[in-house]
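Please read the following points beside the coordinates, as they concern one residue and one sheet.

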Amino acid sequence: MKTSKISSVLIGLALLSSCSEKPTPPVVNYWPQAGVTYEIFVQSFHDSDGDGIGDLNGVTEKLDYVKELGANAIWFMPIMPSPSYHKYDVTDYKAIHPDYGTMEDFKNLLVEAHKRDIRIVIDLIINHSGSGHPWFEEARKGRDNPYREYYVWAQKDTIAEFINKKVITLDSDNIRQWHEPGNGDDFYYGFFIGGMPDLNYDSQKLREEIYEIGRFWLEEVGVDGFRLDAAKHIFPDDRPLDNHAFWKEFRAKMEAIKPDVYLVGEVYDKKEIVAPYLTGLPALFNFDFHYTLLEALNTENGMLLPTKQKEILDFYQGITPNFIDATISSNHDQPRLLNELGSDPQRYKQASAILMTMPGAPYIYYGEEIGMLGLKPDENIREPFLWDEKEKDTGRTSRIEPVYTTDATVTPLAAQKNDPESYFNHYKNLISLRNTNPALAIGTLELPEEEFPSEIMAYARKSDNQEIFVIHNLGKKEVSVAAPEGFNQLVFSLGKVEQVGDKFKLGKNSSLLVTK
Ligand SMILES: [Ca+2]
């Protein structure tokens, strides 16, 4: 336990018995059920060859860093050939983008990651291809082309009313979903943009191609799993049952190749829409968690998140007991978390303390652990990681010109490592805490029976042999609260915490974890 790290911020916890006599509990790898996954945008992470573009060898050089942070897995945003900087419009499903390196580089990365017990999950974008994919180049040639059925086509007259229909959803602000290919009267369907034509899953031939791509990466290359982009859009919104059935089939095909394959899906919606996908996609991102966390912190509404999270978990449990709740506090599509929290460092630290002490399998978006900044457009929430001061930072990438994360606004990692109060050490301590306390990793979530002031977030985490009670003061003012009887042994604290009699005084955005 991290008693030495927290002693400087703890005042007068005289009645708490000391944790120092106890042996350090073992570090357990709880992935995939409850371990931590680190999301990397390769281009902005670490450059190994001096061309300014982050690359796979650059990631390999930083695997020890990922290990030090305490993450058990990495999710790579797209690494396949694609014309865009973000690479979500794939033109070759069985290759590595040349800017990122070679297939040999990637296989070497896998070997080195696995040596360190780090699993590798890659983005697989199969809702749509890029319009530059050879399948689409062929398909657009005409109705008789053998690849025509890989995409979704409609004769112009039959979709007249849809052509200019304005559709805005949570994950797309596209205003037009039917696009003109430039020849003939047929339009093609592209949910996001014209450059991303949707693949047609009514075509058995297309399905077989996709399963073969899955086999290639799992069997020939050796990845541990996939993050499935836009999983809700395989079929249009009025065909949810076909969507659920497709993912069940996809899972069965992938498990036949690799029984322990990890599949995490992006279904950007509320729990009622998300939950039915659990039968096909055993892990799903919890976007409600992200939004509710922000709302709770920004409105100082203590029980909003635990209540919501309990509701979600109970709802999922009703669908299947075997699911992985992939919790997030930010990702590559959201403004950086520190910006979302009013650039308040203490509130920011508390957000990660909440993420890491709640149930689920938390994801950390690269750079959050050093407090990177960024607002939309998307390029600016995907800025270069700061390894060291600019003059000394040989691995810093330069393909994206930073607007928000610069040496003037964010302390580079090298300096943060030496500061026990830094964001980096805060994240590292929290992950370590989670990986050494089974209640925090795999325990149930229990809401308290006691009433607390409105700005107090309180919950218990309970595993077979351990129970931890968690209290966060989301407010700006000091609040005095009592932990349940018998919970007098300190596990962790953040901010100003003071024990007075049988109560705890918690300062602004401070947190306390106690056990019996
Ligand atoms: Ca490079």
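The points below take up a serine and its surroundings, and then a sheet with the helix that packs on it.

1. This is a predicted model, and the first place to look is Ser 82, which lies in the loop between β3 (73-76) and α5 (103-115). Is Ser 82 buried or exposed? With a relative accessible area of 7%, Ser 82 falls under the 20% cut-off, and therefore counts as buried despite its place in a loop.

2. The surroundings of Ser 82 can be described at two levels: its side chain makes a polar contact of 3.4 Å with the side chain of Ser 84, while, once residues up to four places away in sequence are set aside, Ser 82 touches Lys 87, Tyr 88, Asp 89, Val 90, Thr 91 and His 97.

3. Turning to the sheet, five strands form an open arrangement in the order β13-β14-β15-β20-β17, and their pairing is antiparallel. Because β13 (444-446) and β17 (489-494) each have a single partner strand, they stand at the edges, and one side of each is left without a neighbour in the sheet. On average, and with direction ignored, neighbouring strands of this sheet are turned by 20° against each other.

4. At the β13 edge, the antiparallel pairing with β14 (residues 456-463) runs over three bridges, and Glu 446 stands opposite Ala 460 of β14.

5. Which helix packs on this sheet, and which strands does it touch? Helix α14 (residues 345-357) does so, touching β14, β15 (466-473), β17 and β20 (511-515), and the direction of α14 makes about 155° with that of β15.

How values were computed. Residues are numbered from 1 along each chain as its sequence is written. This is a predicted model: local features need pLDDT of at least 70, side-chain atom pairs count only at pLDDT 80 or more; totals for chains, interfaces and linings use all residues. Side-chain values use heavy atoms; hydrogens and water are left out. Helices (H or I, at least four residues) and strands (E, at least two) are DSSP runs, numbered from the N terminus. Buried means under 20% relative accessible area, exposed over 50%, partly exposed in between (1.4 Å probe, protein chains only). A polar contact is a pair of N or O atoms within 3.5 Å; within protein, one must be able to donate a hydrogen and the other to accept it, and residues adjacent in sequence count only if both atoms are side-chain atoms. Contact means heavy atoms within 4.5 Å. Two strands pair if DSSP finds at least two bridges between them. Axes are lines fitted to C-alpha atoms, for helices over the stretch in contact, and angles run from 0 to 180 degrees between N-to-C directions.
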